[in-house]
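Trainee: I would like to go through this structure with you and learn how each term is earned.
Mentor: Then let us look at it together, and ask of each term what stands behind it.

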Amino acid sequence: MNKLTRYDIKYLSGVGPKRAETLAKELNIKSFYDMLYNFPFRYIDRSTIHHIRDLTGSDIPSVQLKGRFVSFNTQGEGARRRLIGLFSDGTGTMECVWFNRVKSIQQTYHTGVEYIVFGKPTLYNRTYNIVHPEVDVYQPNQGPAGMVGVYNLTEKLRNRGFSSRLFQKLEKNLLESEAVRSIHDPLPLGVLHQRGLMPIYEAVHNLHLPTSIASLQRAQYRMKYEELFFLELHILKNIKGLTKKLPGHVFARVGDYFNNFYSNHLQFPLTGAQKRVIKEIRADMGSGRQMNRLLQGDVGSGKTIVAFFTALIALDNNYQACIMAPTEILATQHYEAISEMAEKIGVKVALLTGSTRKRQREEIHAGLLDGSLQLLIGTHALLEDVVQYKNLGLAIIDEQHRFGVAQRARLWKKNSTPPHVLVMTATPIPRTLSMTVYGDLDVSIIDELPPGRKPVGTYLRFENQHEETYRFIGQELAKGRQAYIVYPLIEENEKLDLRALEEGYEIVKEKFPSYTVSMVHGKMRPTEKDYQMQLFASNQAQILVATTVIEVGVNVPNASVMIIENAERFGLSQLHQLRGRVGRGADQSFCILMSKHNLTKETRHRLEVMTNTNDGFVVAEEDMKLRGPGDMEGTQQSGIAFNLKVANLVTDGPIIEQARADAIKVLDNDPTLSSPEGRQLDAHMKMLFSHTINWGLIS
Ligand code: ADP
Ligand code: MG
C-alpha cells in the first residue's frame with residue numbers, strides 16, 4: 001500500500017507531466033495512492049433521465065436531464081450579471097443560470113451539443129431553472145447504464161479538459177496498473193475477516209467503477225471503516241499516549257484568593273454545573289499532568305465566572321494566568337467583568353489588545369516579567385513574542401474556534417513546562433463526537449443555565465411583516481428595554497450587504513425618532529466601533545444595528561429583543577449565538593427571524609430548529625446533521641485533520657465504535673506496534689498523518 005505513494009502520478013497512463021502538474025496544484029494528487037483515494041463525491045444513475053414535462057411542484061430533488069442548449073444570453077449588470085442558458089429536452093424547456101464564471105461557461109458549452117444536465121430545479125416566475133448546474137457532454141456509448149461516479153472538479157481542471165469522464169478513464173487505467181493490482185490491504189487480516197469487510201482491491205474498484213448499488217455500498221462501508229480505524233488508531237496511540245505523559249505544574253492548593261472570593265464576594269450562588277466543572281478543573285490541575293480541557297457551555301451558561309475561579313487557583317499557587325479572546329470587544333468585556341471581581345480581592349489584572357498604547361504596553365510587559373501582574377486578558381496581542389511571563393501557569397482561551405491551532409502553539413511555547421490550558425466554547429459538540437474530534441482533550445460541560453432564565457421566545461417572520469416587527473420593538477423599548485437588529489455581511493457580497501445595513505440603519509432611525517440608534521460593523525475603525533458599542537452597552541443608545549461582530553460574547557442584560565434580518569442567510573450555530581445575546585436578564589426576551597418568503601426545505605428546517613428549541617446541544621446536533629462535522633466551527637481547528645473522504649463522524653457512529661474497539665484491541669496486544677503486522681499499520685498511519693502537526697502537544 002505504502003509503495004503506491006512512491007509512484008509519481010505523471011507515470012500513470014493518460015496523465016503525463018502537464019496533467020500531473022494540474023492535478024497536484026488543484027487536488028493535491030501527486031501519487032498513485034492519492035489518485036486511487038480520490039473517490040467520486042457522488043454517483044449518478046445513468047439509467048434515470050428525467051423529463052422537463054414531468055416536473056411539478058416547488059420542492060423537487062435534483063434531477064438529471066438530457067438535451068441541448070437553445071440559446072445563451074447574459075442579463076443584468078454588475079453583481080447581478082448572470083448567464084442564462086435556455087435548455088430543451090424535447091419535452092419542455094427550462095433555464096440554466098450562472099452567476100459566476102460567465103465568460104468561461106460561455107466558451108465551454110455550445111448550442112446544439114447534447115448534454116446531461118444535473119441540478120436542483122427551482123420554480124421562478126412560473127418556469128423552472130437550475131442555478132449552477134453540472135453539465136457533461138452526453139456520451140451515448142458508455143457501456144451498460146448504471147452508477148457512474150462524479151468527481152470533484154475545479155474551474156482550472158475544467159478549463160484544462162478534465163471531466164468526470166476523464167477521471168473515470170484515468171482511474172480505470174490506474175486500477176489496471178500492476179502496482180494497484182498487487183495492492184496490499186492496509187487493514188489487519190483478522191479485522192477484515194471478523195467484520196466481513198470487502199477486500200481493498202475490490203473496494204477501490206467498486207468505488208470508482210461500481211458494478212452494482214449493493215457492491216458500491218459494501219465498498220463504501222469498507223472504506224469508511226478503514227478511515228475510521230486509522231483515525232482511531234492514530235488518536236489512541238499518538239495523541240492520547242503523548243499528552244498523558246506530559247508533566248504539568250501541580251496546583252496543589254486552593255488558597256486565599258479563591259476562598260476569599262468564594263466566601264465573601266460572589267454575587268450569586270453558583271449553579272450545580274458550575275460547581276461540578278470547577279471541581280473537575282481543580283482535580284485536573286492538581287494531578288501533575290498538563291490540563292487540556294474543553295469547557296463547553298451554552299451561551300449565557302456562566303463560563304466567565306468559571307474562568308475566573310480557574311485563574312484564581314493558578315494565582316493561589318503563585319503562577320500567572322492569561323485569558324485570550326478572539327475580538328477586542330470581547331476581550332474588553334472580559335476585562336471589565338473580571339477586573340471588577342479581581343479588584344475586590346486585590347488581584348492585579350491588565351488588558352492587552354492591538355490598540356493598547358505603547359506606554360501601557362511597556363508597563364504590562366514589565367509587570368508580567370517581574371510577576372507583579374497576575375492576570376492578563378487580551379486578544380491575539382498576547383501571542384506576540386515580546387509578551388513574556390515570569391511563570392505562566394494557565395492559559396484560558398475563549399471561543400476557541402476563532403483561533404487557529406498554530407496560534408495556540410505559540411502560547412504554549414511561552415514556558416518550558418506547558419501551562420494548563422482551558423478552552424471555552426459555546427459551540428457544543430455532542431458528547432459522542434468530542435472523544436474522536438478532540439483526541440484526548442478532556443471535556444467539562446455546563447449543562448445548566450443560571451436560575452430564573454426564561455427561554456428566548458423565537459419567531460419566524462417574513463419580509464412583508466416588517467411593520468409589525470417595528471411595532472413590537474417599539475413596545476419593548478417603551479418598557480425600557482433595548483434591541484439588536486442584525487444584518488448579514490459576507491465578504492463576497494460586502495458592498496451590497498453594507499448598503500443594506502446602512503439603509504436599515506436609516507429606516508430604524510426614522511421609525512424611532514425618540515430613541516438613539518447606534519451602528520457597528522466590522523469595517524469600522526476599532527475606536528469608532530468601541531464607541532458605538534459603548535453607547536449601547538451603557539443604554540445611551542437603545543437600538544443597535546449591527547453585523548455579526550456582536551455575535552461573540554457581548555453582554556448587555558437589558559437588551560431583550562434580537563431581530564435577525566435575512567435570517568435565511570445565517571448558519572444555525574450563528575443564529576444560536578446571536579440569540580444568546582438576549583435572555584441574559586430576568587425578563588422575557590425575544591428573537592425574531594426575519595426571512596424572505598421562498599425558502600428551500602433545508603433553510604426552512606434550519607429556521608424551524610431555532611423556533612422549536614433553545615437548547616444549544618440540540619441546535620449543534622441539527623447543525624452537524626445539516627452540514628457535517630468538518631464544516632462545524634470548533635471542529636476545524638480542533639486537532640484532528642478532517643480530511644475524511646468517505647466517513648462521516650455524525651452519521652457513522654456505529655462504525656466509529658467498531659473501529660475504535662478494534663484499534664484498542666490491536667494496541668492492547670501490541671502497544672508499540674512493533675510486530676510485523678503492527679509495523680505495517682504504523683507505517684500506514686504515519687503516511688496518513690505525517691502532514692499533521694502533533695496536536696496533542698498544542699491544545
Ligand atoms: P457565557 O457562558 O455565555 O460566557 P457569562 O459568563 O457571560 O456566560 O454569563 C452570563 C450572565 O450570567 C452574566 O451576566 C453572569 O454574571 C450571569 N451568571 C453567571 N453565573 C450565574 C449564576 N450562577 N447565577 C446567576 N447569574 C449568573
Ligand atoms: Mg462568554
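Trainee: What makes the pair formed by an oxygen atom of ligand 1 and a polar backbone atom of glycine 302 a polar contact?
Mentor: The two atoms are 3.1 Å apart, and a polar contact is a pair of N or O atoms within 3.5 Å, so this pair qualifies. An oxygen atom of ligand 1 also lies 2.8 Å from an N or O atom in the side chain of lysine 303, which therefore meets the definition too. Of the 560 Å² of accessible area that ligand 1 has on its own (Shrake-Rupley method, 1.4 Å probe), the protein covers 79%.
Mentor: Keep in mind that this is a predicted model, in which local features need pLDDT of at least 70 and side-chain atom pairs count only at pLDDT 80 or more, while totals for chains, interfaces and linings use all residues. Residues are numbered from 1 along each chain as its sequence is written, and side-chain values use heavy atoms, without hydrogens and water.

Trainee: Which residues come nearest to ligand 1?
Mentor: Of the 16 residues around ligand 1 (a heavy atom within 4 Å), Gln274, Gly300, Lys303, Thr304 and Arg453 come nearest.

Trainee: Where does ligand 1 sit?
Mentor: Ligand 1 sits in the second largest pocket, because more than half of its atoms lie within 2 Å of the grid points of that pocket. The volume of this pocket, the space filled by probe spheres set on the points, is about 1,400 Å³.

Trainee: Which element gives the most to the lining of the second largest pocket?
Mentor: That is α13, with ten residues.

Methods. Chains are lettered from A and ligands numbered from 1 in the order in which they are written. A polar contact is a pair of N or O atoms within 3.5 Å; within protein, one must be able to donate a hydrogen and the other to accept it, and residues adjacent in sequence count only if both atoms are side-chain atoms. On a 1 Å grid over the protein atoms alone, a cavity is a set of points where a 1.4 Å probe fits but cannot get out, and a pocket is an open set with protein on both sides within 12 Å along at least five of seven lines; lining residues have an atom within 4 Å of a point. Helices (H or I, at least four residues) and strands (E, at least two) are DSSP runs, numbered from the N terminus.
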